[in-house]
Amino acid sequence: MWGFKLTLVLLLLWSIVSSCNRDKDVYANIMQMKSKPVTLSCDSMRLISYKNRVDTFPKQFYWVVYSDSVDCSSCRLTNLVHWNDFIYEIKESTNSVGFRFIFSPSKKDIGSFMCAAGNLKFSTQVYLDSANIFEHQNQHIPSDVLFHTFLLDENMNVVLVGDPIRNKEINKIFWDILKGKER
């Protein structure tokens with residue numbers, strides 16, 4: 001009986017400690033992302049999709065969604081349609097937010113990625129970064145996909161990390177940031 005209780009207590013303690021360590025890791029990664037501006041060299045990438053007009057520089061903010069060769073780029077590409085309502089909502093309220101969806105699939109996956117891109121029903125630009133330019137220029141961005149969706153300010157500094165489509169709190173913080181800049 002004591003063995004079971006001791007195991008339960010140890011599991012609880014391990015859970016608390018690992019949660020604290022995970023929070024410290026997330027904080028450290030976000031601070032690393034904020035350590036220097038992000039470089040967006042989209043003109044060096046292949047624009048593969050845009051249904052509306054191309055956003056022009058400069059904007060006050062940019063949402064960046066990056067998918068590297070570790071991620072399933074074709075899978076992530078097909079999920080972009082979930083961004084359409086969010087993009088439409090933003091464009092209805094302001095013209096100060098741009099979007100950059102950057103994909104760096106592995107060389108062997110480029111064919112399936114391009115096939116998926118051909119069927120894309122998406123309302124903004126999608127870039128193919130076959131030379132991994134984004135990753136090379138932004139080595140301060142962690143490799144964990146958790147940190148591959150973020151908001152930049154006009155100076156290309158990270159101001160928010162997270163997916164506003166999947167996380168209501170990130171969405172709320174974004175709108176608060178946007179309202180603060182418009183005052």
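## Contacts and overall layout

In this predicted model, residues 24 or more positions apart account for 78% of the protein chain's contacts with a separation of 6 or more. The chain holds 183 residues, and buried residues make up 42% of them.

Six helices and six strands are present in the protein chain. Read from the N terminus, the order of the elements is α-β-β-α-α-β-α-β-α-β-β-α.

## Nonpolar cores

The largest nonpolar core has 25 residues, and the members touching the most others are W63, W83, F99, F101 and F174. Two or more residues of this core come from each of β2 (61-67), α3 (84-93), β3 (97-103), α4 (110-118), β4 (126-128) and α6 (168-182). Apart from its neighbours within four places in sequence, F174 is in contact with W63, F86, I90, V97, L151 and L160.

A second core, separate from the largest, is made up of 18 residues. Its members include M33, V38, V158 and V161.

## Strand β5 and its partners

Strand β5 spans residues 149-152 and is covered on both faces. In a regular strand, side chains point alternately to the two faces of the sheet. In β5, T149 and L151 lie on one side, with F150 and L152 on the other, and all four residues are buried. L151 is also among the residues in contact with F174.

β5 is joined to β2 by four bridges, and the two strands run antiparallel. Within this pairing, V65 is opposite T149 of β5. Strand β6 (residues 158-161) also pairs with β5 in the antiparallel sense, here over three bridges. L152 has V158 in β6 as its bridge partner, and V158 is a member of the second core.

## Positive phi values

Most residues other than glycine have a negative phi. One residue that departs from this is M156, with a positive phi near 65°. M156 is in the loop between β5 and β6, two strands that form a hairpin with five residues between them. M156 counts as buried because its relative accessible area is 15%, under the 20% limit.

N132, also not a glycine, has a positive phi of about 55°. N132 belongs to the loop between β4 and α5 (133-137). With a relative accessibility of 24%, N132 is partly exposed.

## A buried asparagine in a loop

N138 is located in the loop between α5 and β5. Is this residue buried or exposed? N138 is buried, at a relative accessible area of 3%. Leaving out neighbours within four places in sequence, the contacts of N138 are with P37, V38 and T39. Of these contacts, V38 is one of the residues in the second core.

## Largest pocket

Rolling a probe the size of a water molecule over the atoms reveals where empty space remains. The largest pocket encloses about 430 Å³ of space.

Its lining consists of 19 residues, and L146, T149, G162, D163 and R166 are those nearest the centre. By class, the lining has eleven nonpolar, five polar and three charged residues. T149 therefore recurs in several settings: this residue is buried in β5, stands opposite V65 and lies among the residues nearest the pocket centre.

Key:
Residues are numbered from 1 along each chain as its sequence is written. This is a predicted model: local features need pLDDT of at least 70, side-chain atom pairs count only at pLDDT 80 or more; totals for chains, interfaces and linings use all residues. Side-chain values use heavy atoms; hydrogens and water are left out. A nonpolar core is a set of buried Ala, Val, Leu, Ile, Met, Phe, Trp, Tyr and Cys residues joined through side-chain atoms within 4.5 Å. Buried means under 20% relative accessible area, exposed over 50%, partly exposed in between (1.4 Å probe, protein chains only). Contact means heavy atoms within 4.5 Å. Two strands pair if DSSP finds at least two bridges between them. On a 1 Å grid over the protein atoms alone, a cavity is a set of points where a 1.4 Å probe fits but cannot get out, and a pocket is an open set with protein on both sides within 12 Å along at least five of seven lines; lining residues have an atom within 4 Å of a point. Grid points are joined across faces, edges and corners, and a volume is the space filled by probe spheres set on the points. Ala, Val, Leu, Ile, Met, Phe, Trp, Tyr, Cys and Pro count as nonpolar, Asp, Glu, Lys and Arg as charged, and the others, Gly among them, as polar.
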